Amino acid sequence: MTPLNAPPIDYGAIAPLLIVLGGACVSVLLEAFLPRHQRWPAQVALTVLVVAVAGVTLGVYAGSAPAAGVVTLGSTLAVDMPTLFLWGTLLVLGFGSLLLIADRSVEPGGAFVASAAERLSVGAAPGTTTGATGVDPEHVDRSYGAPGEAPTMQTEVFPFTLFALGGMMAFVAANDLLTMFVALEVLSLPLYLMCGLARRRRLLSQEAAVKYFLLGAFASAFFLYGLALLYGYAGSVRLSAIAEAAVGTDRSDALLFGGLALLVVGLLFKGSVGPFHTWTPDVYQGAPTPVTAFMAACTKVAAFGAIARVLYVAFGSTRWEWRGVLWAVAIASMFIGAVLGLTQTDLKRMIAYSSIAHAGFLLIGTMAITPAGVSSTLFYLLAYGFTTLAVFGVISLVRTADGEATHLSQWAGLAKRSPVLAGVMTFLLLALAGIPLTSGFTAKFAIFAAALSDGMAPLVVIALVASAIAAFFYLRIVVLMYFSEAPENGPTVTVPGAFTTVTITLGVVVTLLLGIVPTLVLDWAGAGGFTG
Amino acid sequence: MNPMLIILLLVPVVGALLMYPLRHNVPAAKATAMVTALVEFLLVVVIWVGYDTAAAAAGTRFQYEFSVPWIPAFGTHLAFGIDGIALVLIALTAFLVPGLMLFAWAEKLPEGRTASGYFALLLATQATLMGVFTATDVFLFYVFFEAMLIPMYFLIGRFGGPNRQYASVKFFLYSLLGGLIMLASLIGLYVTSGNVLGQGTFTWTELQAIAQDVPTSTQIWLFLGFFVAFAIKAPLVPFHTWLPDAGAEAPIVAAVLLVGVLDKVGTFGFLRYCLPLFPDASQALAPLVITLAVIGVIYGALLAVGQKDMSRFVAYTSIAHFGFIALGTFAFSSQAFAGATLYMVNHGLSTGMLFVMVGLLVARGGSRLISDYGGVAKLAPLLAGCLLLAGMSSLALPGTNSFVSEFLVLVGSFPNEPVATIIATVGIIFAALYVLWFYQQTMQGPVRGNAVIKALETAGAGGPGAMIDPAVAASRGAGFPDLTKREIGVLAPLIVVIVLLGFFPGPVLDVINPSVQATMTELGLPDPVPAGGTSR
């Protein structure tokens with residue numbers, strides 16, 4: 001009997017991941033042991049510190065990282081240049097989302113309820129579906145805040161966020177499918193819960209959480225089934241082993257492509273790629289806006305980071321056989337997003353459909369199995385993440401007495417009341433539409449150039465037509481804000497607190513800088529390829 | 001490394017940004033905007049004086065060149081430079097803007113809009129136009145080409161007429177669609193250049209140098225992408241439907257910039273990008289373009305005759321004129337090229353003046369309908385005279401600027417395209433018809449028309465869309481006044497240039513000719529009618 005050897009671990013490489021997951025555990029302990037009125041400051045300080053330290057550690061490691069990347073922890077994690085870039089992206093976007101989540105000035109007391117079951121006290125009066133607040137929330141909050149203090153918000157959301165972030169980081173670094181599956185669950189479960197925490201519109205929020213959970217569970221099952229088939233085909237769950245098995249073998253391709261199909265369904269679901277998108281509008285609309293921002297920015301990064309790795313490392317050699325199917329998926333996603341987006345009347349749903357269209361563009365980038373394809377996808381994820389984060393930050397500021405004013409008609413004439421907010425929103429929407437001098441254009445250009453040089457010219461033309469259609473609904477918002485008359489007793493624009501201001505400013509500045517001087521980030525994104 | 005063009009680009013940007021701190025001080029904002037526009041004009045004069053036509057004739061493709069790397073990963077540069085064609089177009093832009101500001105000085109804006117925002121958008125439009133004409137990097141050109149939409153979109157949508165929302169969105173979406181199709185070609189061009197050179201590039205001169213190495217089938221696809229974008233912008237006939245709406249709903253100053261200059265980006269694009277970068281495709285597809293151009297000449301003229309709205313009338317006459325420009329561009333002789341280029345300038349002047357005249361009429365009567373006016377010549381003889389001159393320039397009467405360019409286009413096009421040229425000549429007759437008919441309806445005969453009668457009876461008449469401050473109008477009392485001193489100030493420079501270019505087009509043609517001959521060389525075809533041979 002051979003002795004059991006512990007695998008060597010490159011602690012320097014995986015330090016950021018360990019810090020985030022460790023911080024999540026500490027955060028749970030804080031939640032358990034601190035008195036209620038101390039939790040919010042302690043949790044905010046801890047999570048911000050954890051993310052910042054993880055970011056610094058990552059920066060220090062990246063400075064001396066081997067260009068080829070390392071595979072560590074018994075070859076379950078691959079820390080290569082794309083991983084480092086994605087980790088950096090996730091940490092920065094996670095930091096921005098955390099600030100939105102932590103902000104208590106926009107929604108007095110924070111956007112989150114005491115617990116998901118707190119329906120009767122804070123939630124909807126029975127029989128209303130919008131879930132408008134029936135009881136004065138201040139009154140309810142007083143009962144568990146310290147006497148004389150501002151109402152506190154519930155703070156489970158912070159450990160959830162850290163766990164989700166840790167799961168995402170493991171997800172994009174996973175070098176075998178089993179690790180990827182575990183990471184998928186680690187990132188998904190907290191997200192399901194976070195969706196149901198909205199202080200306002202409880203029923204919508206809970207519906208979103210249940211829908212997301214049920215569909216997400218199905219998608220996970222698909223992923224697992226695909227994993228099993230691929231294990232049957234290759235005899236290993238390692239991505240590079242699958243690639244090796246696919247070359248020069250007489251085994252039936254049915255297992256390989258059946259497995260790929262099921263696996264990809266699970267991944268595309270997470271990336272909200274049409275036609276696996278049906279959860280997206282409901283969840284984006286129902287979830288508390290800071291959580292929506294977190295999901296829209298970070299989940300997208302994680303999902304497409306993983307899709308790119310799986311397609312590139314495990315299925316790069318067989319790309320001519322599966323690409324046709326993904327063409328169809330990308331086209332479907334772009335058109336579902338662009339066309340259905342036109343018919344939406346709710347701003348958050350509209351941005352959800354926009355994210356579906358963007359998922360189609362991203363899929364084009366991941367299909368180009370070239371270094372340019374990888375780097376352009378990475379760049380797109382970063383650019384899109386920041387823009388979306390800022391968009392949701394802005395959406396959270398426009399409010400009526402009932403909470404956020406997300407119906408389109410409520411945004412009419414907003415430019416007159418708040419020219420700065422309207423200007424920022426217009427800029428961000430132009431970035432989503434891909435107008436030059438914004439990051440959206442640079443990113444689209446990079447992806448389309450990569451796709452065109454890898455022989456996907458017709459797809460690029462279709463994608464450009466889809467972006468023209470999508471531009472129409474972004475423009476609708478601009479038209480409403482600038483050219484329409486404001487309704488009577490329309491929403492007010494809240495003066496954002498410091499946290500929200502920082503996030504929105506960050507998003508806008510990055511969107512502008514990546515549009516004008518993207519060279520540095522493009523170089524980082526192109527620093528190296530995936531390692532097997 | 002000559003910073004002149006960068007300064008040219010930055011001056012209006014700075015001016016536009018200054019409008020924000022000055023937004024509560026309208027007189028200061030207006031004065032700053034005007035000073036900015038005048039400085040810009042002086043800069044262009046300096047650039048014109050320094051432009052070396054001898055060097056251009058000796059083969060220097062661009063002057064005032066400036067280039068720094070921008071995004072190395074994409075091979076793009078912040079590269080600027082001008083040839084004679086670009087020079088006359090930036091000169092046109094810089095010449096028009098100060099006059100337009102003077103025109104908009106006392107304009108009554110829609111409720112809730114400020115003059116500083118209005119002038120900031122005008123300056124922003126000017127900046128993007130300067131960028132689009134001076135860029136020598138195709139990527140940079142595209143950036144300005146798209147960026148140009150945004151200030152114009154807000155000008156139409158925020159300051160335009162009653163149907164402005166529809167018009168502005170239609171304008172934006174049409175142009176954006178064209179732009180995105182062009183983006184596909186742009187990326188294709190980049191990838192193709194990478195295949196030929198080993199490393200993709202966007203530098204115009206490098207792309208031009210490899211143009212002959214690209215297979216014709218590839219060229220045709222790439223050409224079509226650029227062509228659709230430019231044909232929407234120009235606009236050629238099947239892509240033109242946005243122009244009458246945008247031109248009619250835009251405030252007059254924006255309409256002048258839109259039809260007078262912004263649309264020239266399309267025809268400029270044909271000359272600068274389509275022909276030199278895709279020479280084989282241009283020759284293969286020339287019959288198609290020329291057919292569209294000739295249809296445009298006739299169709300635009302016929303529709304102009306049927307218009308009830310004065311702004312739409314001017315917009316349709318422009319579609320006819322753009323047909324002439326496209327004909328000259330695809331007739332492949334340097335004389336036709338020179339004619340087309342001069343036509344771009346002249347059309348900007350004469351259509352600009354026509355739009356201004358329409359604006360002056362609307363300011364008095366408060367209506368855009370042709371049938372609301374009649375016999376104005378009896379009340380305002382100066383105004384009627386200026387309208388007649390603008391109309392004569394538009395129909396290319398000898399002695400006005402447009403005659404020279406139209407003649408050059410027709411003479412230069414005839415050897416290669418005799419049939420199309422003959423059909424297009426019929427368009428001149430239509431032009432006389434619609435201009436004279438318009439003049440007769442509004443200016444001649446007894447004093448009549450709802451708008452005129454109302455203006456005579458009520459002090460400060462002029463309904464929605466009136467261009468003059470209501471307080472100013474009321475102080476004048478009832479009546480249909482002739483041109484004021486400020487209005488004469490707006491029109492005088494236009495009149496001078498229109499007449500001057502009619503008799504002495506030489507200085508402008510001297511600037512244009514070397515560059516169009518270079519374009520001819522890049523096209524690689526024998527030149528049937530060399531430019532500069534006739535009609536100085």
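How are H13(B) and H16(B) oriented to each other? Here are some notes to read alongside this predicted model, beginning with that pair.

1. **Two helices of chain B, H13 and H16.** Look for helix H13 of chain B, residues 264-277, and helix H16 of chain B, residues 334-365. Their axes lie 11 Å apart, and the helices pack at an angle of about 165°. Angles over 145 degrees count as roughly antiparallel, so H13(B) and H16(B) are roughly antiparallel to each other. The crossing in which H13(B) passes H16(B) is left-handed.

2. **What the two helices bring to their contact.** On the H13(B) side you will find B:Lys264, B:Thr267, B:Phe268 and B:Leu271. H16(B) answers with B:Phe337, B:Ala340, B:Thr341, B:Met344 and B:Gly348. Sorted by class, the residues in this contact of H13(B) with H16(B) are five nonpolar, three polar and one charged.

3. **H4 and H5 of chain B.** Next, try the pair H4(B) and H5(B), whose axes come within 9 Å and cross at roughly 175°. These helices, too, are therefore roughly antiparallel to each other. H4(B) contributes B:Ala86, B:Leu89, B:Ile90, B:Thr93, B:Val97, B:Leu100 and B:Met101. From H5(B) come several partners, including B:Phe119, B:Leu122, B:Leu129 and B:Phe133. The contact of H4(B) with H5(B) has eleven nonpolar and three polar residues, and no charged ones.

4. **H2 of chain B, checked for length.** Helix H2 of chain B runs over residues 26-50, which is 25 residues. At 1.5 Å a residue it should span 36 Å, and because its end C-alpha atoms are 36 Å apart, the model agrees with that expectation.

5. **What is buried in H2(B), and what covers it?** The buried residues of H2(B) are B:Ala29, B:Lys30, B:Thr32, B:Ala33, B:Thr36, B:Ala37, B:Glu40, B:Val44 and B:Ile47. Their cover includes helix H1 (4-18), strand E1 (63-71), helix H4 (84-103) and helix H5 (115-134) of chain B. You have already met H4(B) and H5(B) as a roughly antiparallel pair.

6. **One residue up close: B:Met310.** Is B:Met310 buried or exposed? It sits in helix H15 of chain B, residues 310-329. A residue with 20 or more C-beta neighbours within 10 Å is buried, and B:Met310 has 25 inside 10 Å, so B:Met310 counts as buried. Leaving aside residues up to four places away in sequence, B:Met310 touches B:Val358, B:Leu361, B:Arg368 and B:Ile370. As another landmark, the C-alpha atom of B:Met310 is separated by 23 Å from that of B:Thr93, with their positions 217 residues apart along the chain.

7. **A helix pair in chain A.** Over in chain A, helix H14 (residues 347-367) and helix H15 (residues 371-395) have axes that come within 10 Å and cross at roughly 175°. They are therefore roughly antiparallel to each other. Among the contact residues are A:Ile351, A:His358 and A:Leu362 of H14(A), along with A:Tyr380, A:Tyr384 and A:Val391 of H15(A). By class, the contact of H14(A) with H15(A) has seven nonpolar, eight polar and one charged residues.

8. **Where the chains meet.** Finally, look at how 27 residues of chain B are in contact with 26 residues of chain A. On the chain B side, helices H6 (138-147), H7 (149-159) and H8 (164-197) each supply at least two residues. H8(B) gives the largest share, 16 residues. The side of chain B that touches chain A has 19 nonpolar, five polar and three charged residues.

Terms used
Residues are numbered from 1 along each chain as its sequence is written. Chains are lettered from A and ligands numbered from 1 in the order in which they are written. This is a predicted model: local features need pLDDT of at least 70, side-chain atom pairs count only at pLDDT 80 or more; totals for chains, interfaces and linings use all residues. Two residues are in contact if their C-beta atoms, placed from the backbone, lie within 7 Å. Helices (H or I, at least four residues) and strands (E, at least two) are DSSP runs, numbered from the N terminus. Ala, Val, Leu, Ile, Met, Phe, Trp, Tyr, Cys and Pro count as nonpolar, Asp, Glu, Lys and Arg as charged, and the others, Gly among them, as polar. Axes are lines fitted to C-alpha atoms, for helices over the stretch in contact, and angles run from 0 to 180 degrees between N-to-C directions. Angles under 35 degrees count as roughly parallel, over 145 as roughly antiparallel, 65 to 115 as roughly perpendicular and the rest as oblique. A crossing is left-handed if the near helix is turned anticlockwise from the far one by less than a right angle, and right-handed if clockwise. The expected span of a helix is 1.5 Å times one less than its number of residues. A residue is buried if 20 or more other C-beta atoms lie within 10 Å of its own, exposed if 12 or fewer, and partly exposed in between; C-beta atoms are placed from the backbone.
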